[in-house]
Amino acid sequence: MPRPILATIHIDALRHNLSQARLRAPDAKLWAVIKANAYGHGIERCFEGLRSADGLAMLDFDEAQRVRALDWRGPVLLLEGAFEPRDLELCSRLHLWHTVHCSEQIDWLAAHKTQQAHRIFLKLNSGMNRLGFTPMAFRAAWARLNALPQVEEISLMTHFSDADGPRGIAHQVEVFEAATADLPGERTLCNSAAILRHAGSPLRGEGVSTLAADWVREGIALYGSAPDHPEHTAASWDLRPTMTLSTRVIGVQSLQPGDTVGYGSSFTAERATRIGVVACGYADGYPRHAPTGTPVLVNGVRTRVVGRVSMDMITVDLTPLDAATGVGAEVVLWGRAASGAALPVDEVAASAGTIAYELLCAVAQRVPFTVA
């Protein structure tokens, strides 16, 4: 039989998490962000759960081709735009909307010969200081684009750096409002954290519009992770896990006080302890730096990782479980157990000193996937 590790994608949870974004931004159109192969879930596997989105947003041209091959006829937005001039041919052929964040991309558009004008999302650097035109350069960039026959429509966008934390978004909203005042075009500002925490806030003067604006972009929240964990949990935002990484116990050891476990003997038993050996390791994408105490579910009961994660195995504490629990027992590294118990990926990531994005994207190719 195959090794018992399995990643399960929950289509019902994807649909539910999309609906949560709509509840918080009911007047906005919704981009489902599917970059990084749908945050490690697999675009093709997720597609049925994404059909209710108004558009799909990503970085990679290959991913854009894949969604068109799935017969997605709605908007597709390339969040980083073209990487070289010939990319614009593919944008024309596949009817891709694309971001413009630097003057070189405008130069490429000006030289591009096309029968079909392009839909552009002009990006403002409102304080993130990654991609985008500075406030001083933004209007000149808009004017250049507006003068090009290759451009059909210009939308306006920015990205928040601190929507998930105490600094918030007010400083960037102020910059965006000043830079885009009186410019026409649809607007998109909100990422997952801003949708959950700020989407209903006023954008302009007297509440004429809200931060939800015309489009919102749901990324990590779509996949059941709270963008502001640990201040809020996924359950706080009524988000459901979209991936379960599960496996089985493949061996059991009984330790006496003073016995150690695994490489480096990093765990020493203080009392008689039953240890389950589990078929998952860092070669499967489980974080090697997950320490003793990282939560795990065995037969739906919460327990902990003990000792060092190795390439193909981790060891877990079976002491809290019934003495009959042994080889073959269900182990959930994150997601949903058969009993209905849930282990949020955010908790596992926090214990390992990282974020859910990394764990979801890092599940290895050797792990089989299924769709439920």
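This is a short walk through the core, two helices and two single residues of one structure. Keep in mind that the model is predicted.

Let's start with the core. The largest nonpolar core has 109 residues. Which of its residues touch the most other members? They are Ile34, Leu56, Leu122, Leu145, Tyr286, Leu333 and Trp334. As general background, nonpolar side chains tend to be buried together in soluble globular proteins.

Take Tyr286 from that list. I leave aside neighbours within four places in sequence. Tyr286 is then in contact with Leu333 and Trp334, which also appear among the residues with the most core partners. Its other contacts are Cys280, Gly281, Thr294, Pro295, Val305, Val309, Ile314 and Val348.

Next, helix H6, residues 103-111. Its buried residues are Gln105, Ile106 and Leu109. Seen down the axis of H6, the buried residues fall within an arc of 100°, so they line one face of the helix. What do they pack against? Two helices: H5, at 87-94, and H7, at 135-146. Three strands as well: S5 at 97-100, S6 at 118-123 and S7 at 151-157.

Now over to H5. Six of its eight residues are buried, so H5 is largely enclosed by the rest of the structure. The buried ones are Asp87, Leu88, Leu90, Cys91, Ser92 and Leu94. What covers them includes H6, along with helix H4 (61-69), strand S4 (76-78), S5 and S6. After H5 comes His95. The phi of His95 is positive, near 60°.

Two single residues to finish. First up, Val175, in helix H8, residues 170-180. Is Val175 buried or partly exposed? Its relative accessible area is 26%, and buried means under 20%. So Val175 counts as partly exposed. Beyond four places in sequence, Val175 is in contact with Leu124, Ser126 and Pro135. Look at Leu124: it sits 51 residues away from Val175 along the chain. The C-alpha atoms of the pair are separated by 9.0 Å.

Last one: Asp317. This residue is found in strand S16, residues 314-317. At 7% relative accessibility, Asp317 counts as buried. Which side chain does the Asp317 side chain make a polar contact with? That of Thr319, at 2.7 Å. Leaving aside neighbours within four places in sequence, Asp317 is in contact with Thr273, Arg274, Ile275, Thr303, Arg304 and Val306.

That's the tour.

Technical notes. Residues are numbered from 1 along each chain as its sequence is written. This is a predicted model: local features need pLDDT of at least 70, side-chain atom pairs count only at pLDDT 80 or more; totals for chains, interfaces and linings use all residues. Side-chain values use heavy atoms; hydrogens and water are left out. A nonpolar core is a set of buried Ala, Val, Leu, Ile, Met, Phe, Trp, Tyr and Cys residues joined through side-chain atoms within 4.5 Å. Buried means under 20% relative accessible area, exposed over 50%, partly exposed in between (1.4 Å probe, protein chains only). Contact means heavy atoms within 4.5 Å. Helices (H or I, at least four residues) and strands (E, at least two) are DSSP runs, numbered from the N terminus. The arc is that of the directions from the helix axis to the C-beta atoms. A polar contact is a pair of N or O atoms within 3.5 Å; within protein, one must be able to donate a hydrogen and the other to accept it, and residues adjacent in sequence count only if both atoms are side-chain atoms.
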